[in-house]
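Below is a walk through one protein model, from its overall fold down to a single residue and its surroundings.

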Amino acid sequence: MMSKMLILRAIGGDLNGQEFAIPGPAHWVLGRSRSCTLRLPGDGTVSRQHCLIEVEEGGAWIQDLGSLNGTLINGEKIGQRDRVRHGDATMVQPPRHGLRDGDELRICNNTFLVALTERCVRGGEGSTRPVVSEWPALLCV
């Protein structure tokens, strides 16, 4: 059985050069908080719980969680908290956006390349083996 896997490859910020594999199904919160699945502690412009990444059988999505400075995909802002108007504390959660292979995700000073791939799942466990010549393609054996 095949399952989606999302790989975030940091190309800017404090995590530069690191890779994070998110095998589906998964829900990861990114931000400064210690409770986040992926912490971005070195950047004070990142919100405590900045954005949510979901990986499911049908693909991968991202949703800004009302961050102060926003989340960008390929240079386009997909969500950000509205400045509070006098007497109005209502916040509307931005919609989730699909992530595609090759997208660039930017969370303040942190930039990631997105890779979406498939992985083999046997007996409830995932097995992945990277193909050296085609990062981040994965081969199931």
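The text starts with the chain as a whole and then turns to one serine.

The model is predicted. Its protein chain has 14 strands and zero helices, so an element string read from the N terminus consists of β entries throughout, as the DSSP runs define them. Of the contacts with a separation of 6 or more, 49% join residues 24 or more positions apart.

The chain has 141 residues, and 42% of them are buried. The exposed area of the protein chain is about 8100 Å². Carbon and sulfur atoms supply 48% of that area.

One loop residue shows how a single position is placed within this chain. Ser 67 lies in the loop that links strand E6, residues 59-64, to strand E7, residues 71-73. Is Ser 67 buried or exposed? Its relative accessible area is 0%. The cut-off for a buried residue is under 20%, and Ser 67 therefore counts as buried.

What does the side chain of Ser 67 reach? It makes a polar contact with the side chain of His 50 at 3.3 Å. The side chain of Ser 67 also reaches a backbone atom, the nitrogen of Gly 70, at 2.9 Å.

Leaving aside residues up to four places away in sequence, Ser 67 touches Ser 47, His 50, Gly 79, Gln 80 and Arg 81. His 50 thus appears both in this list and as a side-chain polar partner of Ser 67. In summary, Ser 67 is a loop residue with a relative accessible area of 0%.

Key:
Residues numbered from 1 in each chain as written. Predicted model: local features only at pLDDT ≥ 70, side-chain atom pairs only at ≥ 80, totals over all residues. Heavy atoms only, no water. Helix = DSSP H or I, 4+ residues; strand = E, 2+ residues; numbered from the N terminus. Buried < 20%, exposed > 50% of the residue type's maximum accessible area, 1.4 Å probe, protein only. Contact = heavy atoms within 4.5 Å. Areas by Shrake-Rupley, 256 points an atom, 1.4 Å probe, with all protein chains shown as cover. Polar contact = N/O pair within 3.5 Å; in protein donor to acceptor, adjacent residues only side chain to side chain.
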